[in-house]
Amino acid sequence: MEDYLIIAGHKIHSRLFTGSGKYRDDSIMPAVIEAAGSQVVTVALRRVDLDKPGDNILKYVPEGKILLPNTSGARNTEEAIRIARLARSMGCGNWIKIEVINDQKYLLPDNEETIKATRQLAKENFIVLPYICPDLSTARKLVDAGAAAVMPLGAPIGTNLGLKTLELIQILVSEIDLPIIVDAGIGRPSHAAHAMEIGVDAVLLSTAIASSDDPVKMAHAFRLAVEAGRDAYLAGPGPVSQKAKASSPLTGFLRE
Amino acid sequence: MTIILNGKQFGIPDNSTIQNLLDIKGIEKAQVVVELNRTIIDRGKTGTAELKPGDEIEVLHFVGGG
């Protein structure tokens, strides 16, 4: 059976979205993206350094990928909307990851501002993927606001801490009728597999791959983990029991 | 005249256009998005968008990000 994710009508075959930041050398990115099998790749928008224009990051993103610009740097709704419009004017599609952050210690998103930005940008026909602290009422408001998916954090950005918000994400999976994509905090393939096992629709990673010693190998490890977790979810894990249940016949060997 | 380019003062000949500015800086317009006084300038209009003293220009592009 073909298994894919649909976001705003787009069929997404890879449930592993990858970031494009923090690589020691950007030229490794095509190999990383290929090893990850990702169809969706995030980027950020910043001022050009006019004294030293660097490489164009897009040259490292293979053809045919969906580009997901983020609104990083935005501290409120207005700035997120401004960045989103600028990003769309780059001519690489209308997907946008809303990221509104005004806490510099933990980089936790401002859910209220994110909802407002989502509402406005959805009206402007963006495909809006908001990054949030996992919270059911926020997620419900995002559904009403026209979000295409909801992206709860597993732990603060760049920490590699794993699924610290697991129980709250599980509530979103069970209650929200939109794709749930865990974004931020996932640090190990086991974290990604765990997220997929509980029914999350996809995961977005950046630091976990970029900060590893061998990003290409780690990207492949995450791909396997995401696929394994997804298959486990689809297979339906068996029940958990506190008492042992023999896997072999309980009759004794060579006796009754 | 002086304009504000990416947050810094920048001297440029009078009556320059956004395209003149990009040419001076050696930037391909296909790789950037330009904002003039908070209004996005369509790539097809960089050659006709004239600059005035004190204009605030932002020239942005995609970079790596998560």
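Let's start with the largest pocket. It holds about 430 Å³ of space. Keep in mind that this is a predicted model. The lining counts 29 residues. Nearest the centre are Asn70(A), Ser72(A), Glu99(A), Ile157(A) and Gly66(B). Which elements give two or more residues to that lining? In chain A they are β4, residues 40–47, then β10, residues 202–205, and α7, residues 207–210. By class, the lining splits into 10 nonpolar, 14 polar and five charged residues.

Next, the second largest pocket. Here the space is about 310 Å³. Thirteen residues line this pocket, and the closest to its centre are Leu45(A), Arg82(A), Ile83(A), Leu86(A) and Leu60(B). Three elements each give two or more residues: β4 and α2 of chain A, and β5 of chain B. Helix α2(A) spans residues 77–89. Which of these gives the most to the lining? That is α2(A), with four residues. As for chemistry, the lining of the second largest pocket has seven charged residues, four nonpolar and two polar.

Now over to chain B and its strands. Take β1(B), residues 2–5. Its side chains alternate. Ile3(B) and Leu5(B) point to one face, and both are buried. Thr2(B) and Ile4(B) point to the other face, and they are not buried.

What does β1(B) pair with? One partner is β2(B), residues 8–11. The two strands run antiparallel, joined by four bridges. Across that pairing, Ile3(B) stands opposite Phe10(B). Together β1(B) and β2(B) make a hairpin, with two residues between the strands. In the turn, Asn6(B) has a positive phi of about 45°.

Another partner is β5(B), residues 56–64. This time the strands run parallel, and two bridges join them. Leu5(B) stands opposite Ile57(B) there. So far, then, both buried residues of β1(B) have come up again: Ile3(B) faces Phe10(B) in β2(B), and Leu5(B) faces Ile57(B) in β5(B). Recall that β5(B) also gives residues to the lining of the second largest pocket.

On to a single residue, Glu113(A). It sits in helix α3(A), residues 111–123. Buried or exposed? Glu113(A) counts as buried, because its relative accessibility is 13% and the cut-off is under 20%. Where does the side chain go? It reaches the backbone nitrogen of Thr77(A), at 2.8 Å. Leave aside neighbours within four places in sequence, and Glu113(A) is in contact with Asn76(A), Thr77(A), Glu78(A) and Val100(A).

Last topic, backbone angles. Most residues other than glycine have a negative phi. Two loop residues go the other way.

In chain A, look at Lys22(A). Its phi is near 75°, a positive value, and the residue is not glycine. Lys22(A) lies in the loop between β3(A), residues 16–18, and α1(A), residues 29–36. At 54% relative accessibility, Lys22(A) counts as exposed.

In chain B, look at Asn15(B). Phi is near 65°, again positive in a residue other than glycine. Asn15(B) is in the loop between β2(B) and α1(B), the helix at residues 18–25. Why is Asn15(B) classed as exposed? Because its relative accessible area is 57%, and exposed means over 50%. Add the turn residue Asn6(B), with its positive phi of about 45°, to the list for a look at the backbone.

Notes
Residues are numbered from 1 along each chain as its sequence is written. Chains are lettered from A and ligands numbered from 1 in the order in which they are written. This is a predicted model: local features need pLDDT of at least 70, side-chain atom pairs count only at pLDDT 80 or more; totals for chains, interfaces and linings use all residues. Side-chain values use heavy atoms; hydrogens and water are left out. Buried means under 20% relative accessible area, exposed over 50%, partly exposed in between (1.4 Å probe, protein chains only). Two strands pair if DSSP finds at least two bridges between them. On a 1 Å grid over the protein atoms alone, a cavity is a set of points where a 1.4 Å probe fits but cannot get out, and a pocket is an open set with protein on both sides within 12 Å along at least five of seven lines; lining residues have an atom within 4 Å of a point. Grid points are joined across faces, edges and corners, and a volume is the space filled by probe spheres set on the points. Ala, Val, Leu, Ile, Met, Phe, Trp, Tyr, Cys and Pro count as nonpolar, Asp, Glu, Lys and Arg as charged, and the others, Gly among them, as polar. A polar contact is a pair of N or O atoms within 3.5 Å; within protein, one must be able to donate a hydrogen and the other to accept it, and residues adjacent in sequence count only if both atoms are side-chain atoms. Contact means heavy atoms within 4.5 Å.
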